[in-house]
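Student: Could you walk me through this model, one question at a time? I'd like the cut-offs spelled out as we go.

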Amino acid sequence: MPRHPDRMSAPELKPQQILQLRGALEEKRQQLKAQLKSSDLDTKPVALDQQSVGRVSRIDAIQQQQMALANQQQTTQLLKRIDLALQRIDSAEYGCCLQCEEPIAFARLQAQPFASLCLDCQSASENA
Ligand SMILES: [Zn+2]
């Protein structure tokens, strides 16, 4: 039984489309790695120098650091998803939904080349 009986299946990806998405993934990966490198500076422990840094600006610094950390975690997570997508390309599993195994629409992958779920499964998991 197909999981989405009313849906028109997306066509499977052509080799040329996979190449294009792979290029996008690799580019994004480089970009994120560079981003992580440059944000290293922002996540050093906040200096607790009471004399030069007032209480308010210390809180500021801590908040900024927490934001930088959250950003970094997001970037790291995205990097992991990109790595997984690249692995799936290598094992020829790329472009199929991990849940229903239907092909994922090329337009969706162009917007999110690291997507591992089709739109239906994605929205189902978000509404769950
Ligand atoms: Zn699906």
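Tutor: Let's start with geometry terms: four donors count as tetrahedral if all angles lie between 85 and 135 degrees, four count as square planar and six as octahedral if opposite donors are over 155 degrees apart and all others between 65 and 115, and anything else is irregular. Donors are N, O and S atoms within 2.8 Å of the metal (3.2 Å for Na, K and Ca), and with water not among the atoms, sites may look incomplete. This is a predicted model, where local features need pLDDT of at least 70, side-chain atom pairs count only at pLDDT 80 or more, and totals for chains, interfaces and linings use all residues. Residues are numbered from 1 along each chain as its sequence is written, and side-chain values use heavy atoms, with hydrogens and water left out.

Student: Which residues coordinate the zinc ion?

Tutor: Look for the sulfur atoms: each donor is an SG, at 2.3 Å. In sequence the donor residues follow the spacing C-x2-C-x17-C-x2-C. The residues that coordinate the zinc ion are Cys-97, Cys-100, Cys-118 and Cys-121.

Student: What is the geometry of the zinc ion's site?

Tutor: There are four donor atoms, and the angles among them run from 104 to 115 degrees. That range fits the rule for four donors, so the site of the zinc ion is tetrahedral.

Student: How many residues apart in sequence are the parts that Cys-97 and Cys-121 tie together?

Tutor: Helices (H or I, at least four residues) and strands (E, at least two) are DSSP runs, numbered from the N terminus. Cys-97 sits in the loop between helix H2 (55-90) and helix H3 (106-111), while Cys-121 belongs to helix H4 (residues 119-127). The pair therefore ties together parts whose separation in sequence is 24 residues.

Student: Is Cys-97 buried or exposed?

Tutor: Buried means under 20% relative accessible area, exposed over 50%, and partly exposed in between (1.4 Å probe, protein chains only). Cys-121 comes out at 2% relative accessibility, so it's buried. Cys-97 has a relative accessible area of 2%, which makes it buried.

Student: How many disulfides does the count come to?

Tutor: A disulfide is a pair of cysteine sulfur atoms within 2.5 Å. By this rule the count comes to zero disulfides. Take Cys-96, which is in no disulfide: the nearest cysteine sulfur belongs to Cys-97 and is 8.5 Å away. So the count is zero.

Student: Where is Ala-92, the residue with a positive phi?

Tutor: Most residues other than glycine have a negative phi. Ala-92 has a positive phi of about 60 degrees although it's not a glycine, and it follows H2. Its relative accessibility is 71%, so Ala-92 is exposed. Its place is in the loop between H2 and H3.

Student: What is the phi of Glu-101 near?

Tutor: Glu-101 lies in the loop between H2 and H3. At 62% relative accessibility, Glu-101 is exposed. Its phi is positive in a residue other than glycine, near 65 degrees.

Student: Which helix is included in what covers the buried residues of H2?

Tutor: H2 has 36 residues and reaches 52 Å from its first C-alpha to its last, close to the 52 Å expected at 1.5 Å a residue; the expected span is 1.5 Å times one less than the number of residues. Its buried residues include Gln-65, Leu-79, Ile-82 and Ile-89. Contact here means heavy atoms within 4.5 Å. What covers these buried residues includes helix H1 (15-39).

Student: Which residues are linked with Arg-22 in a network of salt bridges?

Tutor: A salt bridge is a side-chain nitrogen of Lys or Arg within 4 Å of a carboxyl oxygen of Asp or Glu. Arg-22 meets Glu-26 at 3.3 Å, N to O, and those two lie four residues apart in helix H1, about one turn of the helix. Arg-22 also meets Asp-90 at 3.2 Å, and since Asp-90 lies in helix H2, that pair ties together parts 68 residues apart in sequence. The residues linked with Arg-22 are Glu-26 and Asp-90.

Student: Which residue forms a salt bridge with Arg-29?

Tutor: The count comes to three salt bridges, and in this one the closest N and O atoms are 2.7 Å apart. Arg-29 lies in helix H1 and its partner in helix H2, so the pair ties together parts 54 residues apart in sequence. That partner is partly exposed, with a relative accessible area of 28%. The partner of Arg-29 is Asp-83.
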